[in-house]
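Subject: A structure for you to explore

Hi there,

Here is the structure I promised to send over. Please open it next to this email, and then read on for what turned up in it.

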Number of protein chains: 4
Amino acid sequence: MKNTFGSALALTIFGESHGRAIGGVLDGMAAGVPVDEGFIAACMDKRRARGDGLSTPRVEADKVQLLSGVMNGHTTGTAIALMIENQNTRSGDYAKTADLLRPGHADYTAYAKYHGFQDARGGGHFSGRITAALVAGGSIVLGALNRAGIDITTHIARCAGISDTPFALDDAAALAAQVSVLESRDEGFALLDASVEEPMKTAIRAAGSEGDSVGGILETAILGLPAGVGEPYFDSVESLISHMAFSVPAVKGIEFGTGFGFADLKGSEANDAFRMKGDSVVTATNHNAGINGGITNGMPVVFRTAVKPTPSIYKEQETVDYIAKQDAPLSIQGRHDPCIVPRAAIVQTCVAALAVGDLMTARYGTAWMERPTSYRREGL
Amino acid sequence: MKNTFGSALALTIFGESHGRAIGGVLDGMAAGVPVDEGFIAACMDKRRARGDGLSTPRVEADKVQLLSGVMNGHTTGTAIALMIENQNTRSGDYAKTADLLRPGHADYTAYAKYHGFQDARGGGHFSGRITAALVAGGSIVLGALNRAGIDITTHIARCAGISDTPFALDDAAALAAQVSVLESRDEGFALLDASVEEPMKTAIRAAGSEGDSVGGILETAILGLPAGVGEPYFDSVESLISHMAFSVPAVKGIEFGTGFGFADLKGSEANDAFRMKGDSVVTATNHNAGINGGITNGMPVVFRTAVKPTPSIYKEQETVDYIAKQDAPLSIQGRHDPCIVPRAAIVQTCVAALAVGDLMTARYGTAWMERPTSYRREGL
Amino acid sequence: MKNTFGSALALTIFGESHGRAIGGVLDGMAAGVPVDEGFIAACMDKRRARGDGLSTPRVEADKVQLLSGVMNGHTTGTAIALMIENQNTRSGDYAKTADLLRPGHADYTAYAKYHGFQDARGGGHFSGRITAALVAGGSIVLGALNRAGIDITTHIARCAGISDTPFALDDAAALAAQVSVLESRDEGFALLDASVEEPMKTAIRAAGSEGDSVGGILETAILGLPAGVGEPYFDSVESLISHMAFSVPAVKGIEFGTGFGFADLKGSEANDAFRMKGDSVVTATNHNAGINGGITNGMPVVFRTAVKPTPSIYKEQETVDYIAKQDAPLSIQGRHDPCIVPRAAIVQTCVAALAVGDLMTARYGTAWMERPTSYRREGL
Amino acid sequence: MKNTFGSALALTIFGESHGRAIGGVLDGMAAGVPVDEGFIAACMDKRRARGDGLSTPRVEADKVQLLSGVMNGHTTGTAIALMIENQNTRSGDYAKTADLLRPGHADYTAYAKYHGFQDARGGGHFSGRITAALVAGGSIVLGALNRAGIDITTHIARCAGISDTPFALDDAAALAAQVSVLESRDEGFALLDASVEEPMKTAIRAAGSEGDSVGGILETAILGLPAGVGEPYFDSVESLISHMAFSVPAVKGIEFGTGFGFADLKGSEANDAFRMKGDSVVTATNHNAGINGGITNGMPVVFRTAVKPTPSIYKEQETVDYIAKQDAPLSIQGRHDPCIVPRAAIVQTCVAALAVGDLMTARYGTAWMERPTSYRREGL
């Protein structure tokens with residue numbers, strides 16, 4: 001339903017890049033769930049641009065204001081409204097080229113859909129800035145998942161032609177160790193192999209200095225999901241995660257586990273043998289990424305998303321003047337990222353959290369996020 | 001919502017492989033839309049097994065019975081109930097190995113979710129047989145889309161290690177010609193290059209004769225979609241199509257247009273330049289597969305789905321006896337496909353039709369499927 | 001969403017009066033819930049016409065066929081498809097007057113919406129016969145609610161100008177005793193005061209013999225709902241129950257507890273004082289019908305629905321020939337009830353069960369319908 | 001879905017009485033629809049308290065801030081976020097009696113549902129103040145409906161024991177005249193008979209001076225709805241309007257047209273005869289309130305809602321101390337309305353607008369709200 005995702009636990013988003021504010025409403029959280037504003041801020045900070053030649057010079061404070069649904073550090077059980085004010089807007093940058101459709105962008109499709117009434121300033125509702133609302137809402141769900149023992153993290157599998165060590169899909173213990181490494185990094189790119197960080201940054205800056213941009217691949221792992229979550233067919237784990245992953249405008253592909261590699265395997269190679277491990281059923285390999293028939297089997301869920309290069313580049317491009325209805329050259333102004341892949345890692349983590357939160361709530365009601373707690377009544 | 005997909009035009013499915021019937025309810029069609037039972041049957045026939053060594057020896061008539069919502073060859077405007085009776089069931093094949101979890105299958109996840117109450121006969125609700133309900137419902141929508149000038153077709157891009165000619169992503173005219181070729185083929189595999197059909201069949205039979213199976217890649221093209229369909233973020237064209245594509249249990253990856261190839265492109269290579277073509281805005285290339293910011297731009301939508309090898313193989317496999325809670329070898333009985341890729345082509349076409357039908361209806365109401373028509377009142 | 005009600009536990013319905021079958025798909029039941037076909041049949045039987053001068057001479061067997069989702073007397077956890085075949089159809093009765101819009105019926109609105117493509121035979125999708133699908137689906141949920149200690153029952157509060165004893169709104173114990181009395185009646189009208197049954201039947205038959213019909217009021221009680229079910233505002237208990245109650249075409253009014261009587265009370269009279277009863281909080285009166293702020297407070301939920309007289313009457317009426325576009329007299333043929341109130345009692349009970357089942361599932365997931373059960377695996 | 005109503009045109013609400021802000025997100029408006037902030041303010045003003053002894057002394061500015069989705073006085077086509085800041089809060093009034101459950105209020109049900117984590121200040125999310133978000137969102141839809149020729153208005157049919165002239169249900173022309181009278185009144189109570197205003201105010205003040213409160217009945221008329229809107233069964237016009245009407249916490253009953261009066265009519269009296277009026281089909285009477293089989297027939301839709309007396313009264317009441325688990329007397333502090341009926345009139349109008357807007361959009365897509373317009377591009 002347009003700007004709402006989720007049936008049992010839902011996020012509704014709103015906002016335009018240069019409007020007054022962006023934000024969302026998160027609906028379906030139980031009462032009494034801790035909300036750590038420091039954790040929200042830390043997630044927002046991972047998405048934030050730094051004006052360091054690697055990301056856009058537009059730097060926003062991105063302070064998430066909780067307008068409702070949270071009191072004394074806990075959810076009240078009602079809808080949580082989140083607002084992030086837009087402050088550093090320079091709409092004038094866009095006025096000059098407002099009629100020139102930026103290739104790879106939604107300028108033309110916005111005209112087709114909104115007939116010229118769209119807010120085109122800074123990309124309007126299509127701006128990557130709106131993903132801040134996904135992180136704001138997703139981080140609250142992510143915090144609840146973490147407390148329930150479910151971990152989600154994303155690293156840059158490939159960017160600017162340079163690859164990180166892949167996740168250890170078939171070795172749950174090794175994968176858990178990799179996740180720990182990623183979560184212990186408190187700054188810098190989300191990489192398993194620290195030695196590729198500088199070459200990657202150099203390659204991004206090089207593209208940026210040419211007025212160009214680069215793409216990449218993100219890899220996300222979800223640990224700790226119990227077996228039995230998800231539905232066969234329409235509400236499969238893959239369906240809901242991919243639905244959310246493609247909500248991020250730059251994502252153009254997703255694969256789970258062995259993904260496109262399955263095409264060249266035989267069944268005897270592709271099947272994940274079951275075996276007992278103590279009293280638990282586990283699989284020897286994890287080609288299926290912890291999902292059989294759309295439902296979790298208790299092994300890690302791992303997926304990879306393809307992120308296209310930022311379409312906003314400074315190089316001159318051929319395009320069309322939509323009003324004059326004629327071909328025209330375009331030199332983009334404004335402030336843009338030469339590469340959004342590093343900033344997009346936390347976005348993928350948060351959209352996965354929203355999908356997983358919805359799946360868990362559909363399966364268990366809100367019981368999964370409620371902790372046994374004595375009666376409390378603070379600070380009224 | 002579990003077994004329902006779509007908000008404006010919705011399909012609800014039901015059924016188990018060895019139950020009395022499978023089927024669905026298609027809700028949201030306008031009144032007066034022609035329903036061609038011959039076209040439904042032709043789509044069902046493309047999905048049907050033939051007992052020819054390429055697909056399962058279980059051959060079902062797959063006659064789609066329309067229980068409601070259709071009269072005199074036209075929709076009445078109310079919900080259309082579809083029923084396909086199961087006839088050729090041999091549940092005894094499964095009894096012997098009922099406690100042995102088939103690797104790559106949903107046996108274990110079904111236990112985790114349904115606690116032993118699942119109908120496990122023939123895979124129950126997880127059987128690929130349920131995709132017949134997707135084809136039955138999808139083919140009605142596909143017929144309506146066709147009449148509105150929207151064409152959807154799928155070919156086998158790769159199977160058993162052999163590739164077909166890819167769709168001409170960047171050349172809309174050439175792509176339209178390819179689609180015509182595919183639609184003029186009235187039997188055999190959905191291939192652009194007829195010369196690969198026999199080698200592909202030979203490779204599939206070879207895997208089958210070893211008690212093994214093979215996977216592949218399907219490629220789907222959607223032509224004729226107007227610009228302006230879809231929503232930014234959650235209800236993007238990619239989100240809804242991928243949601244449906246992953247509803248098919250064997251699909252483990254999807255990419256739109258250049259997909260994972262974007263990771264190694266620069267923005268200047270990846271952007272699709274706009275240009276005027278007469279009075280229309282078109283793009284010079286089509287890396288973005290006709291979708292910018294989640295919304296169609298009028299160019300063809302092309303996507304590729306990774307299909308894993310059939311998990312049901314006759315080779316002995318290692319697994320677990322779920323009741324005895326111990327490791328055990330498994331030799332699968334029953335009747336299975338050495339390769340489902342050829343039969344899955346029409347399934348991808350139909351699930352895409354369901355997603356596109358929902359998107360069109362969200363955008364235009366039911367107006368897109370209503371034709372100007374004189375008052376009619378036949379055969380009451 | 002058109003023919004689907006419920007978000008956590010949903011029923012989708014389909015069918016036309018003289019089509020091949022009517023039915024529904026019930027989605028969201030947990031696995032392992034007992035399904036008693038005898039109970040379903042007993043509920044269907046209460047709705048069934050008897051050809052006794054009190055209801056329509058069209059008598060249908062109304063055998064509910066479970067096509068999926070139930071095995072060995074228990075739910076499997078997948079969607080439950082229900083089908084009731086239409087057998088006793090006499091479409092010829094309608095042909096003669098097909099263009100004459102029956103007053104009080106949906107003939108004209110069907111034209112306005114379906115442009116002549118509607119299945120008009122026997123009222124088509126608008127026939128009261130479709131309520132059989134509500135009873136079929138609702139009775140499965142009602143059975144689950146009963147096992148969870150939640151009781152729903154309906155009596156005829158007033159019909160043909162004759163009133164039954166009202167429910168003891170303010171005395172929970174007395175109300176429970178009334179419910180027991182109603183549930184112990186295995187035939188006849190659902191009345192608390194048996195002495196009004198014959199006068200009521202006589203009055204109905206009298207109206208029928210004049211070619212006329214009568215209306216009435218139904219009163220429904222829901223006992224055993226825990227406190228804390230429902231949501232403030234949009235998903236209030238009153239909102240969901242009324243949404244379902246008005247789904248039954250003849251219902252034109254609903255009131256909860258004191259209902260319209262509140263208009264003439266003062267707050268000091270209308271408020272239900274809280275008091276302790278052992279360790280429980282109860283209310284001294286129950287004007288609010290067990291609902292405060294849209295959420296249950298643990299007291300009985302009681303509501304009354306106004307049922308209009310059957311619009312199909314044999315008396316000549318003034319109407320319009322829709323095709324000729326001129327005024328015309330109408331003498332209705334076909335087979336109709338002089339009063340549907342007695343048959344509608346079980347329908348109100350079942351639609352309330354569907355609303356309550358959805359509310360319970362939204363609150364508790366499926367946990368409320370799952371019983372602690374040892375592992376079972378019968379009859380595979 | 002909890003805090004969201006509507007499928008094609010949806011409003012999501014949030015907020016607590018003494019939190020930072022209340023508001024909502026309106027999703028599904030077409031681009032280019034005029035948004036008149038003066039009209040929104042005028043609707044808000046009708047709901048606003050005045051501190052005049054007739055309503056609560058808490059007077060809020062209730063300025064609706066549009067955070068997104070509106071630019072240059074027109075919708076942009078994206079979600080419209082609305083925020084109303086809370087300013088005049090005196091939470092201290094509530095602290096003293098925080099553990100004493102106010103009879104008729106949601107204090108106890110909030111405990112049952114939220115386990116003590118609810119924001120109880122000023123009623124929190126249960127406060128009537130949240131209806132300001134319904135008016136803010138509903139007034140935007142109402143403006144669009146008005147431009148499409150659909151009029152919705154509400155008057156006080158009865159309050160404090162005094163009745164206004166009822167709507168002329170059976171005379172469409174007379175009803176339209178009544179609606180004009182109501183809409184021309186720019187202040188005072190929404191009454192057709194101006195002579196009852198002073199007696200009504202006197203009766204309300206009298207109740208207030210006794211520390212008590214009074215209830216009433218609102219009557220709402222919807223003119224100009226085309227025939228063919230709504231769905232049979234679950235999405236009937238009555239179902240959606242009643243769903244919304246009961247979202248307002250004080251509403252405990254609703255009836256359409258003749259409503260509960262149908263119970264004592266015969267079919268020959270209750271049916272509305274069709275007749276031609278020029279080329280149009282109309283009905284001679286309008287007992288069914290413009291709705292047959294859940295679908296509009298083009299005649300006015302009229303319904304009445306029962307509003308209970310404000311539960312917050314100053315008279316001492318018996319209740320329970322929830323923490324001490326013992327009976328206790330309660331004298332309510334805080335600022336409350338002796339009667340909310342006059343302020344609730346615009347709320348009923350606005351919730352009806354939301355239901356009708358959703359029904360229209362489900363029927364026509366957004367076409368009904370789009371005006372043919374030349375290309376426009378102001379003030380970018």
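Before anything else, one term: two residues are in contact when they have heavy atoms within 4.5 Å of each other. Please also keep in mind that this is a predicted model.

**A buried helix residue**

Let's use that term straight away on A:Ala144, which sits in helix α4 of chain A (residues 131-147). Setting aside neighbours within four places in sequence, A:Ala144 is in contact with A:Met29, A:Val33, A:Trp368 and A:Met369. Is A:Ala144 buried or exposed? Its relative accessible area is 3%, and buried means under 20%, so A:Ala144 counts as buried. Try finding A:Pro34 as well: 110 residues separate A:Ala144 from A:Pro34 in sequence, while their C-alpha atoms are 7.6 Å apart in space.

**How chains A and B fit together**

Now zoom out to whole chains. Two copies of a chain are related by a rotation about an axis and a shift along it. For chain A and chain B, the rotation is 180° and the shift along the axis is 0.0 Å, and the superposition has an RMSD of 0.0 Å. That is the relation of a two-fold axis. Of the interface residues of chain A, 100% are interface residues in chain B too, so the two copies meet through the same surface.

How many residues does the contact take from each chain? Chain A gives 101 residues and chain B gives 101 residues. The size of an interface is often given as the accessible area lost when the parts come together. Between chain A and chain B, about 8,200 Å² is buried, and carbon and sulfur atoms give 60% of that. A:Tyr233, A:Phe234 and A:Lys252 supply 12% of the area that chain A buries against chain B, more than any other three residues.

There are 10 salt bridges between chain A and chain B. One to look up joins A:Lys252 to B:Glu238, where the closest N and O atoms are 2.9 Å apart. Polar contacts link 47 residue pairs between these two chains, counting pairs with both residues at pLDDT 80 or more.

**How chains A and D fit together**

Chain A also touches chain D. A turn of 180° with a shift of 0.0 Å along the axis lays chain A on chain D, with an RMSD of 0.0 Å. Here again the same surface serves both copies, as 100% of the contact residues of chain A recur in chain D.

This contact takes 51 residues from chain A and 51 residues from chain D. The buried area is about 4,400 Å², with 64% from carbon and sulfur atoms. How many salt bridges are there between chain A and chain D? The count is 0. Polar contacts come to 8 residue pairs, with both residues at pLDDT 80 or more. Several elements of chain A each supply at least two residues to the side that touches chain D: β2 (10-15), β3 (21-27), β6 (74-75), β7 (80-85) and α3 (107-114). The largest share, 5 residues, comes from β2(A).

**Three more places to visit**

First, B:Thr75, in strand β6 of chain B (residues 74-75). B:Thr75 is buried, at 1% relative accessibility. Its side chain reaches the backbone oxygen of B:Ala30 at 2.6 Å, and a polar atom of the same side chain lies 2.8 Å from the backbone nitrogen of B:Val33. Beyond its neighbours within four places in sequence, the contacts of B:Thr75 include B:Met29, B:Val70, B:Ile80 and, in another chain, C:Phe117.

Next, A:Arg47, in helix α1 of chain A (residues 37-47). The UniProt annotation "binding site", from an unreviewed entry, covers A:Arg47. A:Arg47 counts as buried, at 5% relative accessibility. Not counting residues up to four places away in sequence, A:Arg47 touches several residues, among them A:Asp62, A:Arg129, A:Thr131 and A:Arg343.

Last, helix α7 of chain C (residues 237-245). Why is this helix described as largely enclosed by the rest of the structure? Because 9 of its 9 residues are buried. They include C:Val237, C:Leu240, C:His243 and C:Ala245.

Have fun exploring, and write back with any questions!

Best wishes

Definitions and conventions
Residues are numbered from 1 along each chain as its sequence is written. Chains are lettered from A and ligands numbered from 1 in the order in which they are written. This is a predicted model: local features need pLDDT of at least 70, side-chain atom pairs count only at pLDDT 80 or more; totals for chains, interfaces and linings use all residues. Side-chain values use heavy atoms; hydrogens and water are left out. Copies are superposed by least squares on the C-alpha atoms of residues with pLDDT of at least 70 in both. UniProt positions are given in the numbering used here, feature names are shortened, and annotations may be inferred rather than shown by experiment. Helices (H or I, at least four residues) and strands (E, at least two) are DSSP runs, numbered from the N terminus. Buried means under 20% relative accessible area, exposed over 50%, partly exposed in between (1.4 Å probe, protein chains only). Buried area is the accessible area (1.4 Å probe) that two parts lose on being put together, summed over both. A salt bridge is a side-chain nitrogen of Lys or Arg within 4 Å of a carboxyl oxygen of Asp or Glu. A polar contact is a pair of N or O atoms within 3.5 Å; within protein, one must be able to donate a hydrogen and the other to accept it, and residues adjacent in sequence count only if both atoms are side-chain atoms.
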